[in-house]
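I set out to record, entry by entry, what I looked up in this structure. The entries are kept short for a reader who has not met it before.

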Amino acid sequence: MEQLHLDRLVEHLETAFGAELPFSAGELSSGQVEVLQQVFGDDGYHSYLQDQVNRQIIRDFLVNAVLLGFLQEQEISGIAGQIDTREGRAALSLHMLMSSVEQAAELVSAAEPAQLRKLKPGLQLPPYIKLIQS
């Protein structure tokens, strides 16, 4: 059985993505670069960015579910209580990433999804993934 090494997997994916797109179409002065590093290096920005990603996941998931007929537009109001906080958006977007649009009605019901909890590694055998060669 081949073991999965997450560091190598992530490195492989990052390499496969190719070069990152430039942040700006024009040249930036050293002062501008310094300000950008100050802003984008801040923990607040990283929280903001993650929240924007969570919002996008929720939007894309729900739009796809409605377009594909797995959810009615009026059913979306059922998640208002789940998405009005940063933690709620984080939990719901994670559930959406782990679900298919066919399960959309379950996710937007009035009941909130189960609370996420930290895993406690070491209490059981370590998880493994069996890679299937095709």
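The entries below go from the overall chain to particular side chains.

**Entry 1: the chain as a whole.** I note at the start that this is a predicted model. I counted six helices and zero strands in the protein chain, and along the sequence I read the pattern α-α-α-α-α-α. I then looked up burial and found that 16% of the 134 residues count as buried. The exposed area of the protein chain is about 11300 Å², and carbon and sulfur atoms supply 57% of that area. For contacts with a separation of 6 or more, I recorded that 65% are between residues 24 or more positions apart.

**Entry 2: helix H1.** I checked the length of H1, residues 6-17, against expectation. Its twelve residues should span 16 Å at 1.5 Å a residue, and the end C-alpha atoms are 16 Å apart, so the two values agree. I also asked how many residues of H1 are buried. The number is zero, so H1 lies largely in the open. After H1 comes Gly18, for which I noted a positive phi near 80°.

**Entry 3: the nonpolar core.** I looked up the largest nonpolar core and found 13 residues in it. The members that touch the most others are Ile58, Phe61, Leu62, Leu71, Ile79, Leu92 and Met96. At least two residues of this core come from each of H3, helix H5 (86-97) and helix H6 (104-107). H3 gives the most, with five residues. I followed Met96 further: leaving aside residues up to four places away in sequence, Met96 touches Ile57, Ile58, Phe61, Leu62 and Leu107.

**Entry 4: salt bridges.** My search returned three salt bridges. In one of them Arg55 is joined to Asp51, with the closest N and O atoms 2.8 Å apart. Both residues lie in helix H3, four residues apart, about one turn of the helix. I recalled that an α-helix has 3.6 residues a turn, so residues three or four places apart point the same way. Asp51 also meets Arg89 in a salt bridge of 2.7 Å, N to O. Since Asp51 lies in helix H3 and Arg89 in helix H5, this pair ties together parts that are 38 residues apart in sequence. I therefore entered Asp51, Arg55 and Arg89 as linked in a network of salt bridges.

Which members of this network are buried, and which partly exposed? Asp51 is buried at 9% relative accessibility, and Arg89 is buried at 11%, whereas Arg55 is partly exposed at 33%. I also listed the salt bridge of Arg86 with Glu87, whose closest N and O atoms are 3.6 Å apart. Arg86 is partly exposed at 44%, and Glu87 is exposed at 55%.

**Entry 5: aromatic pairs.** I found two aromatic pairs. The rings of Phe40 and Tyr45 have centres 4.5 Å apart and planes at 50°, so I entered the pair as tilted. Tyr45 and Tyr48 form a tilted pair as well, with 6.1 Å centre to centre and 35° between the planes. Tyr45 and Tyr48 are three residues apart in helix H3 (residues 43-67), about one turn of the helix. Phe40, Tyr45 and Tyr48 form one aromatic cluster. I noted partial exposure for Phe40 at 27%, for Tyr45 at 23% and for Tyr48 at 48%.

Conventions:
Residues are numbered from 1 along each chain as its sequence is written. This is a predicted model: local features need pLDDT of at least 70, side-chain atom pairs count only at pLDDT 80 or more; totals for chains, interfaces and linings use all residues. Side-chain values use heavy atoms; hydrogens and water are left out. Rings of Phe, Tyr and Trp (its six-membered ring) pair if their centres lie within 6.5 Å; planes under 30 degrees apart count as stacked, over 60 as edge-to-face and the rest as tilted. Buried means under 20% relative accessible area, exposed over 50%, partly exposed in between (1.4 Å probe, protein chains only). A nonpolar core is a set of buried Ala, Val, Leu, Ile, Met, Phe, Trp, Tyr and Cys residues joined through side-chain atoms within 4.5 Å. Contact means heavy atoms within 4.5 Å. The expected span of a helix is 1.5 Å times one less than its number of residues. Accessible areas come from the Shrake-Rupley method with a 1.4 Å probe; for residues, only the protein chains shown count as cover. A salt bridge is a side-chain nitrogen of Lys or Arg within 4 Å of a carboxyl oxygen of Asp or Glu.
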